[in-house]
Amino acid sequence: MMKKAAAALCSAVFLIVGCLSGCSTQRTALTVGGAEINSEVYVYFLDLAARELSAALDVGQPASSVPAETVPESAAPAAAAPTDPSVPAGEPEATAADARNTTAAVSAGSVDLQSLYDRAAELCADYVAVNSLFAAYDCTLSVEEKSTASVRTNDLWRLYGSYYESLGVSKQTLYKIEYNSVCRDAVLDALYGADGTEPVPEAEVRKYYEDHHIVFRAISGYYTDIDEDGNTVPMSDEQRAATDSTFASMADRINAGTDVDTVYNDYLESLGNEEPNETVSVRVASSADQGYPEGFFETVHALEQDRASVVRLGDYIYVIVRMDPYTGDSVYYEENKAQSLRELKAEDFKAIVRQCAEEYEVTVRESVQKSCLRRVRGQHEDVIFE
């Protein structure tokens, strides 16, 4: 019933959205229903589709099995290993937006050109559908939500502006994409939030949060060393044993009642830091986070709460104290409640958006499409589009 209602609403309002999304016909790449998609918006989604399809090549999966939301929204180098021993290895340190911007590995191969065009058209239609649903459900954005779109845009542009510029995507267009993302969240809340048309019971959201989030403090180290040429090399057996002993001792001290910060600063001092005065911050990670070694979430989620444990994963070693997910008057739950709802209802909401998008007729302006393809090809030189 909800899907049918959403489709009807989309049909009723897409012409309005077309007016909002339109641009000069000389730069129109696609017409989706009544909405014109200009070349900058189109090349953004064409590039996203290219990375989605090339990621499927890399992992040996059908392209359809790699959904767009799992593909980074801009190309960027993977985050370097942090130097702060209290930060879990590989965790992005710049902004929340960065977490979505680690490059999907691209292997040499070929991507079917029509599949690329079809996927880009789907992404553009979804973009229009979100705008349509936003209008249909009389959604509005708060000053804070609009600020979120602006902050995300500034963060992305600061880090990856040169990449966007090479595609021909302006900062203004990037803001439109991020604004649409915030609108998407607003529509989902209008459907499934506490005051929505189909509200999800609080107990379900809490259960999802408990199952898919961890709250913890961590001190991390590495089973690697630097050789005389500056290369990262595996530790010797003796060094590894010493590291194990150090981390086991830290865990024992914490469990005996020594404050985590004291243990951490003693560790930093042993590494040569003079008079360190650092704090091991409380961190929250979800099962979807990609900034941790494989198995990190599952391992930490299974740990006993409020007890320091030594965790070894590949080249990394940690002392981790898993905390009650509702610690601090449930502040971490409240901070992640909205995201938990979005993840919980992601598939249902995706189906509604897709049904709405499929109502639209898509018309292509081939000359602009080919121009956009040339820009995308320039960013994926090791992939053949044919």
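In what order do the 3 strands of the open sheet come, and is their pairing parallel or antiparallel? In this predicted model, the order is S2-S1-S10 and the pairing is antiparallel.

**View 1. The open sheet, strand by strand.** Strand S2 (35-38) and strand S10 (362-364) sit at the edges, each pairing on one side only. Going from one strand to the next, the twist averages 25°. As a reminder, strands of a sheet pair through backbone hydrogen bonds.

**View 2. The hairpin of S1 and S2.** Here we look at the turn, where 2 residues lie between the two strands. Gly 33 is in that turn, and its phi is positive, at about 60°. S1 and S2 run antiparallel and are joined by 4 bridges. Across this pair, Thr 31 faces Glu 36 in S2.

**View 3. Where S1 meets S10.** Strand S1 (residues 28-32) pairs with S10 over 3 bridges, again in the antiparallel sense. Two opposite pairs are worth picking out: Thr 31 with Thr 363 in S10, and Leu 30 with Val 364 in S10. So Thr 31 has a partner on either strand: Thr 363 in S10 and Glu 36 in S2.

**View 4. Helix H3 packed on the sheet.** Helix H3 (residues 113-136) touches S1, S2 and S10. The direction of H3 makes about 60° with that of S1.

**View 5. S1 and its surroundings.** Why call S1 largely enclosed? Of its 5 residues, 4 are buried, so the rest of the structure largely encloses this strand. Buried here means under 20% relative accessible area.

Note on methods:
Residues are numbered from 1 along each chain as its sequence is written. This is a predicted model: local features need pLDDT of at least 70, side-chain atom pairs count only at pLDDT 80 or more; totals for chains, interfaces and linings use all residues. Side-chain values use heavy atoms; hydrogens and water are left out. Two strands pair if DSSP finds at least two bridges between them. Axes are lines fitted to C-alpha atoms, for helices over the stretch in contact, and angles run from 0 to 180 degrees between N-to-C directions. Contact means heavy atoms within 4.5 Å. Buried means under 20% relative accessible area, exposed over 50%, partly exposed in between (1.4 Å probe, protein chains only).
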